[in-house]
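Welcome, and take a moment to turn the structure around before reading on. The notes below walk through it piece by piece.

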Amino acid sequence: MSPTQNKKPNQPPKRHSPEDSKGRTALESKEEKEAMGWFHTARFLTTAAQMHHLPAYDLPEIAFVGRSNAGKSTCINVLTQQKKLAYASKTPGRTQHINLFALGRQGQSDAVLADLPGYGYAAVPKSDKIRWQQVMANYLISRPNLIGVVLLCDPRHGLTELDDILLDVLRPRVEEGLKFLVLLTKADKLNKTEATKALSIAKLQSSGGVVRLFSALKKQGVAEASQIIWDWVHTQDGTIKVSPVQPELGAVEDSSEEDEPSSED
Ligand SMILES: Nc1nc2c(ncn2[C@@H]2O[C@H](COP(=O)(O)OP(=O)(O)OP(=O)(O)O)[C@@H](O)[C@H]2O)c(=O)[nH]1
Ligand SMILES: [Mg+2]
């Protein structure tokens with residue numbers, strides 16, 4: 001059972017303005033632009049190997065989770081339109097800390113993105129795997145300001161047993177209102193039929209949750225994902241929904257290093 005079962009899924013708000021030739025409304029285009037502008041403000045905040053090293057604050061936090069190599073760090077870079085913000089790499093298992101990025105105008109951070117280390121990479125020593133699973137479960141269960149989770153999944157592998165365990169961990173929080181979005185990454189690797197099939201399977205597996213195709217390489221689904229996440233944090237008039245705006249948070253250390261999204265993987 002997924003975290004969205006028995007609950008109304010976290011659907012993006014409905015729009016009612018007339019559609020253009022691409023099926024998008026003028027209102028949506030404007031909102032997507034606003035959301036993408038907001039994402040572009042992202043800057044490195046801090047990195048932590050353990051939950052208790054994370055700073056405590058009231059800003060809404062959105063975590064990017066998924067198997068190692070699923071494309072979490074690349075997704076953050078594409079959403080924020082910054083090439084080297086999050087540490088993405090061809091080598092699986094490269095993100096080993098929780099890396100935080102602040103969003104909002106300078107001096108007025110209004111949300112935080114959390115890039116989490118991936119799970120399921122076979123070459124990681126067992127002791128590291130267990131340690132990391134504990135850090136991640138602890139984070140997802142008890143991070144007080146966590147308001148949304150983006151689960152990234154390579155549709156060529158589908159949602160795996162480890163993803164199901166994560167869904168189990170998340171379910172109680174989703175039932176309490178935690179937002180949840182599944183992004184099927186590397187959609188550029190799929191033809192149309194495969195993409196349609198992957199979408200239906202993932203929708204079934206997440207019990208009707210919000211699932212979207214995403215390609216960092218082709219920039220597919222970027223504007224829509226930006227807007228879905230923006231809506232988690234903001235009201236329709238652009239004000240912050242969840243928590244009061246905090247004073248600016250200071251960066252602790254620079255995490256930027258990286259490879260471009262490649263078409264190889
Ligand atoms: N073709 C294609 N490759 C992608 C896409 N997104 C990411 N990749 C590639 O997938 C590999 C892994 O990307 P990362 O963003 O580092 O993956 P991750 O989920 O952060 O991995 P860990 O930090 O190990 O958990 C890199 O080689 C990326 O260039 C995409 O949309 N299309
Ligand atoms: Mg990563």
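The largest nonpolar core of this predicted model has 66 residues. Phe 64, Phe 101, Val 112 and Leu 184 are the ones with the most contacts inside it. In soluble globular proteins, nonpolar side chains tend to be buried together.

Let us stay with one of these residues for a moment. Which residues does Val 112 touch, leaving aside its neighbours within four places in sequence? They are Leu 45, Leu 59, Glu 61, Leu 100, Phe 101, Ala 102 and Leu 103. One of these contacts, Glu 61, also stands opposite Val 112 in strand S4.

Now for the chain as a whole. It has 265 residues, of which 41% count as buried. Its secondary structure comes to 6 helices and 7 strands, and from the N terminus on the elements run α-β-β-α-β-β-α-β-α-β-α-β-α. Among contacts with a separation of 6 or more, 76% link residues that are 24 or more positions apart.

**The sheet**

The 7 strands form an open sheet with mixed pairing, in the order S1-S3-S4-S2-S5-S6-S7. Strand S1 (43-48) and strand S7 (210-213) each have a single partner strand, so one side of each is left without a neighbour in the sheet. On average, neighbouring strands are turned by 25 degrees against each other, direction ignored. Strands of a sheet pair through backbone hydrogen bonds, either parallel or antiparallel. The table lists some of the pairs in this sheet.

| Strand pair | Sense | Bridges |
|---|---|---|
| S1 and S3 | antiparallel | 5 bridges |
| S3 and S4 | antiparallel | 5 bridges |
| S2 and S4 | parallel | 4 bridges |
| S6 and S7 | parallel | 4 bridges |

Strand S3 (residues 98-103) is a good place to look more closely. It is mostly covered, with 6 of its 6 residues buried. In a regular strand the side chains alternate between the two faces of the sheet. Here Ile 98, Leu 100 and Ala 102 point one way from S3, while Asn 99, Phe 101 and Leu 103 point the other way, and all are buried. Ile 98 is the bridge partner of Ala 48, and Asn 99 stands opposite Asp 115 in S4.

At one edge of the sheet, how do the two faces of S7 differ? Val 211 and Leu 213 lie on a covered face, while Val 210 and Arg 212 lie on an uncovered one. Val 211 is also the bridge partner of Val 182. The chain crosses from S6 through helix H5 to S7, and this β-α-β crossover is right-handed. Helix H5 (residues 192-205) lies across strand S5 (146-153), strand S6 (179-184) and S7, and runs at about 160 degrees to S7.

**A buried helix and the loops around it**

Is helix H2 (residues 72-79) enclosed or open? With 8 of its 8 residues buried, H2 is largely enclosed by the rest of the structure. The buried residues are Lys 72, Ser 73, Thr 74, Cys 75, Ile 76, Asn 77, Val 78 and Leu 79.

Two residues in the loops on either side of this helix have a backbone angle worth a look. Most residues other than glycine have a negative phi, and most peptide bonds are trans. Asn 69 is in the loop between S2 and H2, and has a positive phi of about 75 degrees although it is not a glycine. Gln 81 is in the loop between H2 and S3, and its phi is also a positive value, near 55 degrees.

Are these two residues buried or partly exposed? Asn 69 has 25 other C-beta atoms within 10 Å and is buried. Gln 81 has 15 other C-beta atoms within 10 Å, and is therefore partly exposed.

**After the last listed helix**

Finally, follow the chain to Ile 240, in the segment after helix H6 (222-233). Ile 240 has 16 C-beta neighbours inside 10 Å, so it counts as partly exposed. From Ile 240 to Trp 230 the distance is 9.6 Å, C-alpha to C-alpha, and the two are 10 residues apart in sequence.

Key. Residues numbered from 1 in each chain as written. Chains lettered and ligands numbered in written order. Predicted model: local features only at pLDDT ≥ 70, side-chain atom pairs only at ≥ 80, totals over all residues. Pairing = 2+ DSSP bridges. Axes fitted to C-alpha atoms, helices over the stretch in contact; angles between N-to-C directions. Contact = placed C-beta atoms within 7 Å. Core = buried A, V, L, I, M, F, W, Y, C linked by C-beta atoms within 7 Å. Buried ≥ 20, exposed ≤ 12 C-beta atoms within 10 Å, placed from the backbone. Right-handed = clockwise from strand over helix to strand, strands pointing away.
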